[in-house]
Amino acid sequence: MTAISNVNADVLKQAQQRIQQDLQTALEAFSLPEPLKSAVHHAVMLGGKRVRPALCYATSQLQENNPNFAAVRRAAIAIELIHCYSLAHDDLPCMDNDLLRRGQPTCHAAFGEDTALLAGDILQSMAFEVLGSRLFDQIQAVDAEIVLKQMQILATASSKMVCGQVLDLQAEGKHVDQAQLENIHRNKTGALIQAAIMMAAVTIFKGTDQAIPQLRQFGQSIGLAFQVQDDILDIISDTESLGKTAGKDEQVDKSTYPALMGLEQAKIYAQSLHNQAFEALSYFGENALELNQISQFLLSRKS
Ligand code: GRG
C-alpha cells in the first residue's frame with residue numbers, strides 16, 4: 001500500500017514540477033500591464049494539485065516517446081490556464097463569494113473584483129494562444145490538424161463548464177434528482193477533466209482508433225468521480241487541508257452527491273465510478289500504468 005502511494009506521489013510530483021516550469025515559461029511570453037500581470041501570476045502559479053496537466057502527460061505515456069509531446073505540453077498549459085480562470089471567476093462575489101483558494105487569498109481578495117474578473121478573461125485567451133503557438137516546437141513543424149482538434153476539444157469543454165456552472169447556480173436550494181445532478185457535474189467539472197485526456201489522446205491516436213472511445217469513457221468516469229469526491233471532501237475534510245473553505249456546499253444549500261444520496265452512499269458511488277474508469281483503462285494494459293496511478297491518487301486524495 002505504501003509502495004503504491006509513493007509511486008502515485010512520484011507521478012504527480014513529476015507532473016507538478018514540469019507544469020510549474022512550463023506555466024512559468026508560458027506566462028513570461030506575455031506582456032501584461034500591472035496589476036493584471038500580478039493577478040494572473042497569483043491565479044496560476046500559487047499551488048494547485050495540477051491534476052489536469054498530470055492526466056495530459058499520463059495519457060501521452062500510452063505511446064512511448066510520443067513525437068508530438070510538445071503539443072501535449074502546450075495542451076497541459078492551456079487546460080490549467082482555463083482551470084485557473086474558472087477558479088478565479090468561481091470565487092467572485094457574484095458566484096461562490098470565497099476568500100480562500102489553494103491556501104491563499106482568492107484572486108479578487110488580493111487584487112479586487114475588477115482585476116480578478118479581467119485576469120480570468122485573459123487566462124481564457126492565453127490558453128488558446130498557447131495552444132496555437134510554437135512553444136517547445138521550434139525545430140519540428142507544428143501539426144496543424146492536431147492543434148485544430150485540441151482547440152475544438154478545449155473550446156467545447158470550456159463552454160460546457162460555463163453551462164454546468166449556470167445549472168449549478170440554478171440548482172442551489174432546490175431538490176434535483178441524480179440525472180440532473182449528473183448533468184450539472186459532467187458539464188461543470190467532468191468536461192474539462194475529460195478534455196485534458198482527449199487533448200493528449202489526439203496527439204497519438206486517429207479518430208477511428210478504438211483507443212479513442214475507451215479514453216472518452218475513462219475521462220467521463222474519472223471526471224464525474226472527481227466531483228463526487230470533491231463533494232465528499234467538502235464534508236469530511238477541513239479548511240486547512242483543502243486550502244479552500246470547507247463545509248461551503250451545505251452553507252449555500254448546494255446540490256451535491258452526499259446531499260442527494262447520503263455520505264456513505266456517495267463514497268460507494270465514487271468507488272464505482274473509479275471501477276468504471278479502471279475498466280476502460282484495462283484496454284491499454286501496462287501502458288496505462290501512469291493513468292492508473294493518477295486515478296488511484298484521485299480516489300484517495302484528501303484535498
Ligand atoms: C464566465 C463568470 C464565468 C464563469 C465561468 C466559474 C465557472 C464558469 C465555472 C466554475 C467551474 C468550477 C470552478 C468547477 C469546480 C471544479 C472543481 C472541483 C475545482 C477544484 O479543482 P481542483 O481540486 O483544484 O483540481 P486545484 O486547486 O487543485 O487546481
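Which backbone oxygen does the side chain of His274 reach? I looked this up first and found the backbone oxygen of Ser295, at 3.5 Å. His274 lies in helix α13, residues 263–281 (helices are DSSP runs of H or I, at least four residues, numbered from the N terminus). I also noted that His274 is buried, with a relative accessible area of 2% (buried means under 20%, with a 1.4 Å probe and protein chains only).

A note on the model. It is predicted, so local features need pLDDT of at least 70 and side-chain atom pairs pLDDT 80 or more, while totals for chains, interfaces and linings use all residues. Residues are numbered from 1 along each chain as its sequence is written, and side-chain values use heavy atoms, with hydrogens and water left out.

Next, the ligand. I found 19 residues around it (a heavy atom within 4 Å); among the closest are Lys49, His83 and Arg102. I looked up polar contacts (N or O atoms paired within 3.5 Å). An oxygen atom of the ligand is 2.6 Å from an N or O atom in the side chain of Lys49. For the side chain of His83 the distance is 2.7 Å, and for a polar side-chain atom of Arg102 it is 2.8 Å. Alone, the ligand exposes 740 Å², of which the protein buries 88% (Shrake-Rupley method, 1.4 Å probe).

Last, the shell. Elements giving two or more residues to it are α4 (69–90), α7 (144–171), α8 (178–201) and α9 (211–236). I noted that α4 gives the most, with 6 residues.

Key. Polar contact = N/O pair within 3.5 Å; in protein donor to acceptor, adjacent residues only side chain to side chain. Buried < 20%, exposed > 50% of the residue type's maximum accessible area, 1.4 Å probe, protein only.
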